[in-house]
Amino acid sequence: MIHSGLRRLFTGMLLIWAASALAAPDLATVPATRHLLPAEQVFDGRVEAIQQATVSAQTSGRVMEVLYDVDDFVEAGSTIIRLRDTEQRARLDQAEAGLREAQARFNEARAEFERVQGIFERQLISRSEMDRATAGLEAARARLESARAARDGALEQLDHTQVRAPYAGIVTRRHVEVGESVSPGQPLLSGISLEFLRVTTEVPQRFINPVRRYQSARILLEDRSPVTVSQLTFFPYADPATAAFRVRAELPDRTPGLFPGMFVKVAFTVGERETLLVPASAVVQRSEVSAVYVVDDQGRISLRQVRTGRTEGDGQVAILAGLSEGEQVALDPVAAGVALKTRQREAAR
């Protein structure tokens with residue numbers, strides 16, 4: 001009975017070997033090859049908005065209307081708060097009246113200057129009379145310029161009663177309510193822009209030199225391809241408590257799926273290393289196990305478990321263990337699996 005069980009086990013193993021030994025002439029393969037790729041070191045980072053600010057009052061007044069609240073999207077230049085403008089309009093009316101008076105005085109002084117100048121040219125009046133007319137004209141011109149500046153200042157103060165968004169973004173905090181009196185410098189609304197983001201991370205002292213040398217980083221995301229950083233900014237000093245250097249990684253404009261406050265992984269290039277690569281489409285994923293179909297020189301097909309690394313931008317995946325350089329990998333794992341099962345059934349007949 002024992003010999004019978006051993007015989008069946010040996011027969012089954014022989015059939016599997018025979019099936020895998022059958023050639024697969026129409027199965028497309030590609031060799032596993034080594035490539036020189038960047039060696040990376042990964043650190044934790046936090047996403048933050050480049051444009052984040054608190055809009056403050058630039059004039060005094062009572063809040064008449066708050067047009068946006070927390071989580072509302074605001075277009076650049078949109079009015080977000082209106083202040084009572086009675087006092088500012090009164091000052092503008094006063095400034096415009098002063099400007100009209102100054103303009104009239106200037107016109108009068110200019111006419112007087114032109115009249116005296118004509119008489120002086122005929123040498124009918126003294127030089128002192130001409131000098132007084134010139135001084136009067138210059139004084140009138142100075143008063144006119146002062147009145148124009150006062151009018152412009154009053155216009156500016158009136159414009160400050162319409163508080164506008166400095167850039168497009170989302171309101172994050174509301175500091176005032178309707179009916180409150182505000183003064184210059186008092187916070188009104190806080191907001192951030194999601195168009196321009198960056199990631200701030202801490203790089204340990206032992207890695208800062210190679211990170212500075214290569215100036216290259218990627219943001220690793222769970223649900224999609226990594227995002228290449230557009231620019232790196234290095235703080236010129238280390239944190240005394242941790243001996244780590246702060247590095248800011250600028251993200252491309254309007255990067256989707258990232259929001260201020262999120263934690264991400266930042267992969268900095270710190271060198272180069274040789275890595276074994278195969279097409280990502282050739283890798284079979286069975287639950288937690290990764291594998292490829294390997295075809296040897298005799299055409300035998302076998303399913304080989306491998307340990308994979310990161311996926312490169314050209315559709316290649318790194319093989320960390322389970323495969324050797326030059327081994328042929330089936331490009332179509334579905335076709336390879338079908339061929340293997342077909343040969344197994346034929347060998348079992």
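Two strands count as paired if DSSP finds at least two bridges between them, and this definition is needed for several of the exercises below, all of which concern a predicted model.

**Exercise 1. A run of paired strands**

Describe how β18, β19 and β20 are joined, and find the residue with a positive phi in the hairpin of β18 and β19.

*Solution.* Begin with strand β18 (residues 289–295) and strand β19 (residues 301–311), which run antiparallel and are joined by six bridges. Within this pairing, Val295 stands opposite Ile301 in β19. The hairpin of β18 and β19 has five residues between the strands, and there Gly299 takes a positive phi near 85°. Next, follow β19 to strand β20 (residues 316–321), where three bridges join the two strands, again in an antiparallel arrangement. Here Arg307 stands opposite Ala321 in β20.

**Exercise 2. Two open sheets**

Give the strand order of the open sheet that contains β3 and of the one that contains β7, and explain why one side of each edge strand is left without a neighbour.

*Solution.* As a starting point, recall that strands of a sheet pair through backbone hydrogen bonds, either parallel or antiparallel. One open sheet has four strands in the order β3-β10-β8-β5, with antiparallel pairing. Its edges are β3 (52–56) and β5 (73–74), and because each has a single partner strand, one side of each is left without a neighbour in the sheet. Five bridges join β3 to strand β10 (residues 187–192), and the bridge partner of Thr54 in β10 is Ser190.

The other open sheet to examine has four strands in the order β7-β6-β4-β9, also with antiparallel pairing. At its edges stand β7 (162–164) and β9 (181–182), each with a single partner strand, so one side of each has no neighbour in the sheet. Strand β6 (residues 79–83) pairs with β7 over three bridges, and Ile81 has Val163 in β7 as its bridge partner.

**Exercise 3. The span of a helix**

Work out whether the length of helix α2 agrees or disagrees with the span expected from its residues, and then name its buried residues.

*Solution.* Helix α2 covers residues 86–121, which makes 36 residues. The expected span is 1.5 Å times one less than the number of residues, and for α2 this comes to 52 Å. The C-alpha atoms at the two ends are 52 Å apart, which agrees with the expectation.

Now turn to burial, for which the cut-off is a relative accessible area under 20%. The buried residues of α2 are Gln88, Leu92, Ala95, Leu99, Ala102, Phe106, Ala109, Phe113, Val116 and Ile119. What covers these buried residues includes α3 (127–159). Just after the helix, Gln123 takes a positive phi of about 60°.

**Exercise 4. Three residues and their surroundings**

Decide whether Gln215, Arg254 and Arg218 are buried, partly exposed or exposed, and say where each is found.

*Solution.* The classes to apply are buried for under 20% relative accessible area, exposed for over 50%, and partly exposed in between. Gln215 is found in the loop between α4 (205–214) and β12 (217–220), and its relative accessibility of 43% therefore makes it partly exposed. Although Gln215 is not a glycine, its phi is positive, near 50°.

Arg254 is found in the loop between β15 (244–250) and β16 (263–279), and with a relative accessible area of 55% it is exposed. Arg254 also has a positive phi, of about 55°, without being a glycine.

Arg218 lies in strand β12 and is buried, with a relative accessible area of 16%. Its side chain is joined to that of Glu40 by a polar contact of 3.0 Å. Not counting residues up to four places away in sequence, Arg218 touches Glu40, Pro226, Val227, Val229, Lys265, Val266, Ala267 and Arg310.

**Exercise 5. Empty space**

State the volumes of the largest pocket and the largest cavity, and identify which element gives the most to each lining.

*Solution.* Take the pocket to begin with: about 220 Å³ of space lies in the largest pocket. Its lining includes Leu220, Asp223, Gly257 and Phe263, and β16 gives the most to this lining, with three residues.

The largest cavity has a volume of about 140 Å³. Of the 14 residues that line the largest cavity, Val55, Ala165, Pro166, Ser190 and Gly191 lie nearest its centre. The elements that give two or more residues to this lining are β3, β8 (169–174) and β10, and β10 gives the most, with four residues.

How values were computed:
Residues numbered from 1 in each chain as written. Predicted model: local features only at pLDDT ≥ 70, side-chain atom pairs only at ≥ 80, totals over all residues. Heavy atoms only, no water. Buried < 20%, exposed > 50% of the residue type's maximum accessible area, 1.4 Å probe, protein only. Contact = heavy atoms within 4.5 Å. Polar contact = N/O pair within 3.5 Å; in protein donor to acceptor, adjacent residues only side chain to side chain. 1 Å grid on protein atoms, 1.4 Å probe; cavity = no way out; pocket = protein on both sides within 12 Å on 5 of 7 lines; lining within 4 Å. Points joined across faces, edges and corners; volume = space filled by probe spheres on them.
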